[in-house]
There are 2 protein chains.
Amino acid sequence: MPELRKDPVSGRWVIISTERAKRPEDFQLPEEKKGSKDSCPFCEGHEDKTPPEVFCFRKSGTKADSPGWSVRVVPNKFPALTREGALSRRGSGIYDLMNGVGAHEVVIETPDHRKNMTDFSPKKMGQVISAYRGRIIDLKKDPRLKYILIFRNYGREAGTSLAHPHSQLVATPITPKRVKEELIGAKDYYLRKERCVFCDIIRQETESKERLIMGNKNFLAFAPFAARFPFESWIIPKRHSPDFETIKESEKDDLASILQATLKKISRALGNPPYNYILHTGPNRLNIPGYWQTLDFDYHWHIEIMPRVVRIAGFEWGSGFYINPMPPEEAAKFLRKLTV
Amino acid sequence: MPELRKDPVSGRWVIISTERAKRPEDFQLPEEKKGSKDSCPFCEGHEDKTPPEVFCFRKSGTKADSPGWSVRVVPNKFPALTREGALSRRGSGIYDLMNGVGAHEVVIETPDHRKNMTDFSPKKMGQVISAYRGRIIDLKKDPRLKYILIFRNYGREAGTSLAHPHSQLVATPITPKRVKEELIGAKDYYLRKERCVFCDIIRQETESKERLIMGNKNFLAFAPFAARFPFESWIIPKRHSPDFETIKESEKDDLASILQATLKKISRALGNPPYNYILHTGPNRLNIPGYWQTLDFDYHWHIEIMPRVVRIAGFEWGSGFYINPMPPEEAAKFLRKLTV
């Protein structure tokens, strides 16, 4: 069983996969491989190469784990965390650890190996978002899981090992450090001002316009004031809600369209760069609350898109401090002007 | 002048280099280039290609900024932060920012373009450490600078753009987030137990031995309990001290030898991998204290070596949570056995 270990100084948790103790030779940065349809476990017809599906959009009349699907969610075959067992928190001298209980799933976004998210139809984009929503709702029923993180790695430099379009989901028994910082920051702001900091950001960005990328009825895309990376872009719902899964059917289409359009603009601007995007949403309210436990008023879900066009080096690792050579105002101006 | 901007939610500071507003085409991940001696600004005889040196070990009788040196420290030609000007903290709506005052220097470790740190002589390693120490002592005299971070990027995947052996130094007018977390964590531990958490770690690792890599009279090399990366290794002085620059002449040789031996072991184990190392030391005590301001008793300087053999992807960026497929006990066992 994987182990969760806590750094006794910083409080940072780490997942140690004790099950596959590897030899040093196994650690080489992988080379780019586009992969072929024949060997890809995510392609249609290869449903037996993945664990059984836990969520699916498929043609009526087709059977689970067989062809005929358009979006398919399956547990990761080599999960970082597993759903079996008790948390079993314990100490080891001055150290704290617990069992690696959680979930690690793959959202296979299309049966088509070669498709890019930027080429998905609006219907397909909507299904991907519905799959995210469906899995969060299901996993939040498990009180052992404190947080459900959805993210997408695109391109080798962004950490993808399989080229077939997919997102990932990791559900953890602790609230991850970076999320906790955001929750605490938002709560502190709320306690001081009785306003949601994200709603204030939306207000200021809408008025000043200098960092706006685009907007539609329900969403805004903008370059954040303290962008860490060139062309970093955030997508945020205009309606206040801490939890992504509260998204309404009418809002879903707007999110699908602004997410895709923003990715298209970034792809056009930077020549199809590697990127990560992550969904930051409220933690699971079923479990024991901590100080960072969000209130309904103080947190606001959003998506952070991070193009990977500069390398993260010792300075960033050592300090948590970023050097961004591209002012977000310049990046937003450029992205705003691009038509897609 | 570069700008320092604060994320209003997480409190994370970012350096925005407003001076060189680039075009999107400029952002492409650089290809590996070993570089040639002819064009390298760090090679002997090219002293005019860098700003004037601020620290140097050189043959007596030779002039500043001319050949005859063995270690040379110069300001970065394209600094992320500059030493001129006032901090000028200010607001912009809900956002906070200040001028990018600080220092950004390069420690050129050898005139020899092709040498590796693992091949340095003991004397040379000692000079590199003395250069780190000398620069920290000098920069701590500037009360605008809250923190001085020294780090080394080795290999393209670890963020190096120039192959010539060098380390870097960034001095910042705020205490960086990740350092602050460590300072606060160590202080909280001290306030609870009246013991330094790092001294406790040293005690436990020395007794259990399962994560020890090697040790000498004054230093210990070990794999941390909650290692984020395969073969992550920390080097820590046995003598409690918050500040690196308090290192004694007799301890310096021991540090040089254990740092080099650990790097050699990692290089042997992983086939000369890219890595970053960072020096975590106490903040500058000259400036206005914050809660994270260290006491003499609660913080303990150390070096963190992070081989870059797995890619950091969306999960890590979105959560600050790491998946490490190599248990530190296994890594330490392997490194312990290697003779170098």
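Here is a walk through the model, one selection at a time.

**Before you start.** This is a predicted model, in which local features need pLDDT of at least 70 and side-chain atom pairs count only at pLDDT 80 or more, while totals for chains, interfaces and linings use all residues. Residues are numbered from 1 along each chain as its sequence is written, and chains are lettered from A and ligands numbered from 1 in the order in which they are written.

Colour chain A by pLDDT (the predictor's confidence in each residue, from 0 to 100): the mean is 90, and 91% of the residues reach 70 or more. For the complex, the predictor gives an ipTM of 0.88 and a pTM of 0.92.

**Both chains.** Lay chain B on chain A: a turn of 180 degrees with a shift of 0.0 Å along the axis does it, at an RMSD of 0.0 Å. The two copies are thus related as by a two-fold rotation axis. The superposition is by least squares on the C-alpha atoms of residues with pLDDT of at least 70 in both copies.

**The interface.** Now select what touches across the chains, counting a contact when C-beta atoms, placed from the backbone, lie within 7 Å. You should get 78 residues of chain B against 79 of chain A. On the chain B side, helix α2 (residues 177-193) gives the largest share, seven residues. That side divides into 44 nonpolar, 18 polar and 16 charged residues; here Ala, Val, Leu, Ile, Met, Phe, Trp, Tyr, Cys and Pro count as nonpolar, Asp, Glu, Lys and Arg as charged, and the others, Gly among them, as polar. Of the interface residues of chain B, 100% are also interface residues in chain A, so the copies meet through the same surface.

Zoom in on strand β2 (residues 13-16) of chain A, which runs parallel to strand β15 (residues 322-324) of chain B, joined by three bridges. Val14(A) sits opposite Tyr322(B) there. Strands (E, at least two residues) and helices (H or I, at least four) are DSSP runs, numbered from the N terminus, and two strands pair if DSSP finds at least two bridges between them.

**The sheet in chain B.** Show the strands in the order β3-β4-β7-β9-β8-β13-β14-β12-β11-β10: these 10 form an open sheet with antiparallel pairing. β3 (55-58) and β10 (212-215) stand at the edges with a single partner strand each, so one side of each is left without a neighbour in the sheet. In the middle of your view, pick β8 (147-154) and β13 (275-280), antiparallel over five bridges, with Phe151(B) partnered by Ile278(B).

**Strand β14 of chain A.** Switch chains and select residues 302-307: six of the six are buried, so the strand is largely enclosed by the rest of the structure. Buried means 20 or more other C-beta atoms within 10 Å of a residue's own, exposed 12 or fewer, and partly exposed in between, with C-beta atoms placed from the backbone. His302(A), Glu304(A) and Met306(A) point one way, and Ile303(A), Ile305(A) and Pro307(A) the other. β14(A) pairs antiparallel with β13(A) over six bridges and with β12(A) over three. Ile305(A) stands opposite Ser233(A) and is also the bridge partner of Tyr277(A).

**Two unusual loops.** Finish with Ser88(A), a non-glycine with a positive phi of about 50 degrees, in the loop between β4 and β5 of chain A. Phe231(B) has a positive phi too, about 70 degrees, in the loop between β11 and β12 of chain B. Which of these is buried or exposed? Ser88(A) is exposed, with 10 other C-beta atoms within 10 Å, whereas Phe231(B) is buried, with 28.

Definitions and conventions. Two residues are in contact if their C-beta atoms, placed from the backbone, lie within 7 Å.
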